[in-house]
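Open the model and set the view to cartoon. The tour goes from a sheet to the helices around it.

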Amino acid sequence: MALSKDDVLNAIAEMSVMDIVELISDMEEKFGVTAAVAAAPAAAGPAAAAEEKDEFDVVLASFGEKKVGVIKAVREATGLGLKEAKDLVESAPAPIKEGASKAEAEELKKKLEEAGATVELK
């Protein structure tokens, strides 16, 4: 069974950058060529992947001067109890939510910053 060009391209698209670099090296060896041209599109791959990031971690960097307000915002966002939310806020820097969508992460960041916290999206 022969693979079509689309099958090969789809398989490459799912590979990590390191796997692609190794594949290029293997192709150079097998066919006795230099893949300088082929390396250029592979180099663009990580940049494209970075632009398409769709999951973010919301990290509380600091609770600022309004700890009570930040605790309330964390409780609202996470559903934690008072003690758990207080412990989480006091352990800053700490992740508040992991794997959030871009819109959800930005909304949570906005709410926490309005409450007086310093927040980072990673």
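Start with the sheet. It is open, has three strands in the order 2-1-3, and its pairing is antiparallel. Two strands pair if DSSP finds at least two bridges between them; helices (H or I, at least four residues) and strands (E, at least two) are DSSP runs, numbered from the N terminus. Select 94-100 and 118-121: these are strand 2 and strand 3, the edge strands, each pairing on one side only. On average, neighbouring strands of this sheet are turned by 20° against each other, direction ignored.

The model is predicted: local features need pLDDT of at least 70, side-chain atom pairs count only at pLDDT 80 or more, and totals for chains, interfaces and linings use all residues. Residues are numbered from 1 along each chain as its sequence is written, and side-chain values use heavy atoms, leaving out hydrogens and water.

Next, select residues 56-62, strand 1. Four bridges join strand 1 to strand 2, and the two run antiparallel. Pick Val 59: its bridge partner in strand 2 is Pro 95.

Now add helix 6, residues 102-114. Helix 6 packs on the sheet and touches strand 1, strand 2 and strand 3. Contact means heavy atoms within 4.5 Å. The direction of helix 6 makes about 155° with that of strand 2. Axes are lines fitted to C-alpha atoms, for helices over the stretch in contact, and angles run from 0 to 180 degrees between N-to-C directions.

Last, select helix 4, residues 67-78. The axes of helix 4 and helix 6 come within 8 Å and cross at roughly 155°. Helix 4 is therefore roughly antiparallel to helix 6 (angles over 145 degrees count as such, under 35 as roughly parallel, 65 to 115 as roughly perpendicular, the rest as oblique). Show side chains: Val 70, Ala 73, Val 74, Glu 76 and Ala 77 of helix 4 meet Leu 108, Lys 111 and Leu 112 of helix 6.
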